[in-house]
Amino acid sequence: MDPIDKNAGVPQYGNMTPRFASSSSACIEVRGADTATFLNGQLSRAVDALDAAVAPLAGWHDPRGRVRALLRVVRRADRWWLVTPTDVAAATAKRLAMFVLRAAVNLEVAADVGVGALIDADDAWLAARGLPSSTPMNGVVTLGTLACVRLGPSLWQLIGPRAAVDAFAPELPRASESDAALAEIRLGLPSIGAPVVEHFVAQMLNLDLLDAVSFDKGCYPGQEVIARVHHLGSVKRRMRRYACDSETPPASGAAVVTADGTNAGEVVRAARAQRASELLAVVEHSAVGALAVEGAVLRELPLPYTVPAT
């Protein structure tokens, strides 16, 4: 079994081959004069005055503060794109539409909009294609019809017409959706697929650490619970990154258990990493000793941000 590099955090530049991957994400397209006001009243992150040069994460929560959907919010000139996993996109659009009422808002899953991931491109390669390395995290660079969002030092997400996404940088080797997911996991970016809808409060997923929650904005579903957790200053569980010696990634929603079988947490997402797997899991702060998932022992790996211990 290949050893796992415990120092493998955010991928660094140098001696890497740029790759391009299709993403397992879909795009909900929202149009209408009231879109900014509507989304601002539904999402955990302030978006009413969102600059088109920034594409943050935002949560859509139920009244208990649990995450119904996690969306990357991309503002374009005449529409908004909400990027979310494909397996929940249609259900999310349908449920979100129930709250439109009389607002001038139309939303639907955009079948003609694709999502891709540019992985491990160095500064020179990026600069030659109009993607400055100085772009901040969550920053957006527009290339023709594509919105290019910088998710991390060597990971970009591309959103736009499916044909344009598929045709991007044809000289690059094509990576798998799992490669794109692994790059996001190493950045500590959660993803809410169908098995974990409404399982976690925002802080459990570190959304407060990822600029996905605005604590000074107006009301939105779940705000009271999320604000209470924030002002109390603690949450019993937080998301952390782990590796295990299993070539089959554990399922989203799988239980994380202690040595005696006590439930200590839950897998958020996972992806294959060579002949092993890496994952993000929400785990109790009080969990001690060895942890395992689906029979595989877990080893904690670093995240590119500091997770509070309480």
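# Exercises on helix α2, cores and salt bridges

On one side of helix α2, Ala90 and Lys94 are exposed (over 50% relative accessible area; buried is under 20%, partly exposed in between, with a 1.4 Å probe and protein chains only). The model is predicted, with local features needing pLDDT of at least 70 and side-chain atom pairs pLDDT 80 or more, while totals for chains, interfaces and linings use all residues. Residues are numbered from 1 along each chain as its sequence is written, and side-chain values use heavy atoms, leaving out hydrogens and water.

**Exercise 1.** Compare the span of helix α2 with the expected value, then locate its buried residues.

*Solution.*
1. Helices (H or I, at least four residues) and strands (E, at least two) are DSSP runs, numbered from the N terminus.
2. The expected span is 1.5 Å times one less than the number of residues. For the 12 residues of α2 (86-97) this gives 16 Å, and the end C-alpha atoms are 17 Å apart, which agrees.
3. Val88, Ala89, Thr92, Ala93 and Leu96 are the buried residues of α2.
4. Seen down the axis, these residues fall within an arc of 140°, so they line one face of the helix. The arc is taken over the directions from the helix axis to the C-beta atoms.
5. An α-helix has 3.6 residues a turn, so residues three or four places apart point the same way.
6. The cover over the buried residues of α2 includes β2 (25-31), α1 (35-40) and β5 (80-85), with contact meaning heavy atoms within 4.5 Å.

**Exercise 2.** Which parts of the chain does the salt bridge between Arg79 and Glu29 tie together?

*Solution.*
1. A salt bridge needs a side-chain nitrogen of Lys or Arg within 4 Å of a carboxyl oxygen of Asp or Glu. By this rule there are 20.
2. In the pair Arg79 and Glu29, the closest N and O atoms are 3.4 Å apart.
3. Arg79 lies in the loop between β4 and β5 and Glu29 in strand β2, so the pair ties together parts 50 residues apart in sequence.
4. Arg79 is partly exposed at 22% relative accessible area, whereas Glu29 is buried at 10%.

**Exercise 3.** Place the salt bridge between Glu184 and Arg269 in the fold, and state whether its residues are buried or exposed.

*Solution.*
1. The closest N and O atoms of Glu184 and Arg269 are 2.9 Å apart.
2. Glu184 belongs to helix α5 and Arg269 to strand β14 (residues 263-273), so the pair joins parts 85 residues apart in sequence.
3. Glu184 and Arg269 are both buried.
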